[in-house]
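Student: I would like to work through this model by question and answer. Can we begin with a single residue and go on to helices and chains?

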Amino acid sequence: MLTILLDGVAYGMLLFVLASGLSVTLGLMNFINLAHGAFAMVGGYVTALLMNRAGAPFLLTLPAAFVVPAVLGVALERTLYRRLYGASPLDQVLFTIGLVLMAMPIAAYLLGDEPQQVHLPAWLDGRIEFHGVGIGVYRLFIIAICGAIAAALQTFLINTRFGAQLRAAVDDARVAQGLGIDVDRIFAIAFAFGSGLAGLGGALAADVVGGIDPSFPVKFLVTFLIVVTIGGSNGIIGALFGSLLLGVLDVAGKYYAPSIGAFIIYAVMVVTLIVRPQGLFARGEGR
Amino acid sequence: MSAPGPTETLRRLAAHLQRRARWRWPEILFWLAILAAIFALPLRAGIINEVLIAGLFALSLDLILGLAGIVSLGHAAFLGLGAYAAAILASKGLAHPMLGLVFGAAVAAFAGLVTAPLLLRGGDLTRLMVTLGVSLMLGELANRNSWLTGGADGLNFSIAPLLGLFPIDFTGQRNAALYSFAVLFVLFAVARRLAHSPFGLALAAIRENRLRAGALGVDTGLRIVAIYTVAAAYAGAAGALLAQTTQIASLDLFDFHRSADVMLMLIIGGTGYLYGGLIGAAAFIVLRDVISAATPEYWEFWIGLALVILVLAGRERIAAAPRKLVALVAPRAARRGAA
C-alpha cells in the first residue's frame, strides 16, 4: 500500500520535471507547445548516448541532458517559436505538431528505431526495506532530485528578480515592456529553462519507461497535457500537485483496477475541465 | 429614397443566399472527374476509396472548424465510434451496408450531441483538451471492453453486398469506391446546402465573433451543439464506410494521429469552403504514397516540414491559392462566389 503510494509519488515527481517546462510555456505564456516531448527525448538521448558510447557516469550526464535541449530550445525559440506568440491556438498546434513529426524521423534516422537503454549505476539499482516498506533506490533518488528542483523553481519564481520579471511579462507583456523589462529575453530564457527541464526529465525517465525511442514525444504528449490541464496555470505549485495527483492515480489505478487502465486519468482530466473550464486556463483569455 | 423595410431586407437576403447556393460548372466537373477516375483506374479503386472516406472525414471537421470556428484535436472519437457501431452491428448478423452506415452515423451523432455542451465554455485551449480527452477515453473504453470490440485484435466481420447485389469487400473494390462516392456526394450536397442557409450564416457570425453574434440575437450555444452533432454524424458515417470497406474496425481509429492527420488534410486543402477537405485528403494520401515509396520510414518528416512552412508562411494566404486559381480559370463563377 505504502509502496504503491511512494511509487506513485516518484512517478508524479518525474512527470512534474517533464511537464514543468510545459506549464511555463503553456500555462504561463499561453503557447501550446505540443513539441515539448521532443526536448525530453533529446535529453534522454544525450544521457543514453553519453553513457553507452562515451562511458560517462550517470550523474555527470544529467547536466548535459539539461544543457543540450536548453540550447536547442533557445535556438528554436529565437528562430521559429517567437513568430507565433500572438498566433491563434490552431496555428500553434499545427506548427508544433509539425515539429514533432519532423523530430521523430530525425531521431529514427540518426539513432535507429530500437530504444536506447540507460543502465543505472549499481548504487541506484535495487531496493531497500524501511519499516517493512520496500522501495526502489532509484525511486527515492527521483523523489529527492525532483523535490529539490520543484523547491528551487518555486523559490526562483517567487523570490528572485528574474522570477518577478517573468511573472510581470506573462501577466501583461506590453506593460512589462513599458517598465523597461526586456520581455523578449525573459521569454527566451524561460523557454530555454523549460526545454532543459524537459530534457532532464527525459534523462531521469529513460530507465522507468524502458528506454528512449523515437516515438517518445507522442507517447507522453497526452500525459504532459493532462498534467498541465489538472495543474492549471498556477505556476509551479499547481503543476506539482497536478503531477503528484496524476502519478498516484495512475500507479494506483494500474495496480488496483487494471481492467479500466488509463481511463482513470483521462476521466480526471475531462471532469476537471468540466468543473473548472475557465479557472484552469483563465489567464490571457477574455482580455 | 427610404431604407428598405424588414421584408425587403429578408427578400434580398434570400435572393443572395440562393445565388450563392447555385452549383457552378467547376464544381460539377470536379465531381464528374472523381467518378471518371473510379472507372478509368480500376486498379487504383482501393486508394480512391481511401481518399473519398478521408475526404468525408475532413469534410466533417470542416463543418465545425471551417464553418463555426470550433477547434478539435479529438475528431477521431466519432470516426472510431461510427466504425465500431457499424462493425458490431454487422458482426451480430445485421450486415446490410446501408443499415450499418445509418447506425454508425446515428451513434456518433448521439455522442456528439452529448459531448457538445462541453465545448460551450472556456477558450480554444480548453476545447482542444476536452476533445482530445473525450477521444482518448473512448479509445480506452474500446480497448478495455474486448468482449464487445475485440480489444487490441480489432473486430473482423463480413459485410453483405450493397442492395443485395454488389459486393463491397475486397472482391468489389470499385463497388466500394462507388458506394463511398455516393455517400460522400449526398452528404456533401447536404453540407453545402447547410453552409448556404441562414443556419450557415449564423455559424459564420459565430466564427467571426461569438460575443457579437450572441448580441445580434443568435443563440450561439444551440447553433454550436447542432453543427457539432451534424459533424459527428458525418465523421461516424466516414468511420462506418471505412470499417465496411475494409471489414475491420481497429483501435487505431481512435488514435491521436487520426485526429491530427485529418486536421492536416483540412489545413492543406484550406478551411471554410467545403472542398478543402476533399482536396487536402487527396493531396495528403497521394503525397504519403509517393513519399513513402521513396523513403518508407521518414515520410512523416516531409509532412511535418510542410506544416511548419505552411504555418510560418501564413495559412490563410496559401489556403486562398486554390480559390485564386478558380478565379483565374473562371472569373465569372468566382465573382459570383465572392458576391
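Student: Is A:V46 buried or exposed?
Tutor: This is a predicted model, so the call rests on its coordinates. The cut-off for burial is 20 or more other C-beta atoms within 10 Å. A:V46 has 24 of them within that radius, so the residue is buried.

Student: Which helix holds A:V46, and what does the residue touch?
Tutor: Leave out residues up to four places away in sequence. A:V46 then touches A:T61, A:A64, A:A65, A:V68, A:G199 and A:A203. The residue itself sits in residues 36–53 of chain A, which is helix α2.

Student: How far apart in space are A:V46 and A:I189?
Tutor: In sequence, 143 residues separate A:V46 from A:I189. In space, C-alpha to C-alpha, the separation is 21 Å.

Student: Where do the buried residues of α6(A) lie around its axis?
Tutor: Helix α6 of chain A spans residues 161–171, and A:Q165, A:L166, A:A169 and A:V170 are buried there. They cover an arc of only 130° around the axis, so they share one side of α6(A). On the other side, A:R161 and A:D171 are exposed. The buried four therefore lie on the same side of α6(A).

Student: How many residues of chain A are in contact with chain B, and which helix of chain A gives the most?
Tutor: The count is 37 residues of chain A against 34 residues of chain B. α4, α10, α12 and α13 of chain A each supply at least two residues of that side. By class, the side of chain A has 29 nonpolar, 5 polar and 3 charged residues. With 17 residues, the top contributor is α4(A).

Student: What share of the residues of chain B is buried?
Tutor: Chain B has 16 helices and 2 strands. Take its contacts with a separation of 6 or more: 76% of them join residues 24 or more positions apart. Of the 339 residues of chain B, the share that counts as buried is 47%.

Student: How are α3(B) and α11(B) oriented to each other?
Tutor: α3 covers residues 45–67 of chain B and α11 covers residues 220–246, with axes 9 Å apart. Their angle is about 170°. Angles over 145 degrees count as roughly antiparallel. So α3(B) and α11(B) are roughly antiparallel.

Student: How many charged residues are in the contact of α3(B) with α11(B)?
Tutor: On α3(B), the contact includes B:L56, B:L63 and B:I64; on α11(B), B:Y234, B:A237 and B:L241 are among its residues. By class there are 18 nonpolar and 3 polar residues, and the charged count is none.

Student: Which residues have the most contacts inside the largest nonpolar core?
Tutor: That core has 200 residues. Consider B:A237 without its neighbours within four places in sequence: its contacts include B:L56, B:L101, B:V183 and B:L187. The residues with the most contacts inside the core are A:L14, B:L56, B:Y234 and B:A237.

Student: How does α4(B) run relative to α6(B)?
Tutor: α4(B), residues 76–91, and α6(B), residues 124–144, come within 8 Å by their axes. The contact uses B:A76, B:A77, B:G80, B:L81 and B:Y84 of α4(B), and B:V134, B:S135, B:L138, B:G139 and B:A142 of α6(B). Those divide into 7 nonpolar, 3 polar and no charged residues. The axes cross at roughly 30°, so α4(B) is roughly parallel to α6(B).

Terms used. Residues are numbered from 1 along each chain as its sequence is written. Chains are lettered from A and ligands numbered from 1 in the order in which they are written. This is a predicted model: local features need pLDDT of at least 70, side-chain atom pairs count only at pLDDT 80 or more; totals for chains, interfaces and linings use all residues. Axes are lines fitted to C-alpha atoms, for helices over the stretch in contact, and angles run from 0 to 180 degrees between N-to-C directions. Angles under 35 degrees count as roughly parallel, over 145 as roughly antiparallel, 65 to 115 as roughly perpendicular and the rest as oblique. Two residues are in contact if their C-beta atoms, placed from the backbone, lie within 7 Å. Ala, Val, Leu, Ile, Met, Phe, Trp, Tyr, Cys and Pro count as nonpolar, Asp, Glu, Lys and Arg as charged, and the others, Gly among them, as polar. A residue is buried if 20 or more other C-beta atoms lie within 10 Å of its own, exposed if 12 or fewer, and partly exposed in between; C-beta atoms are placed from the backbone. A nonpolar core is a set of buried Ala, Val, Leu, Ile, Met, Phe, Trp, Tyr and Cys residues joined through C-beta atoms within 7 Å. The arc is that of the directions from the helix axis to the C-beta atoms.
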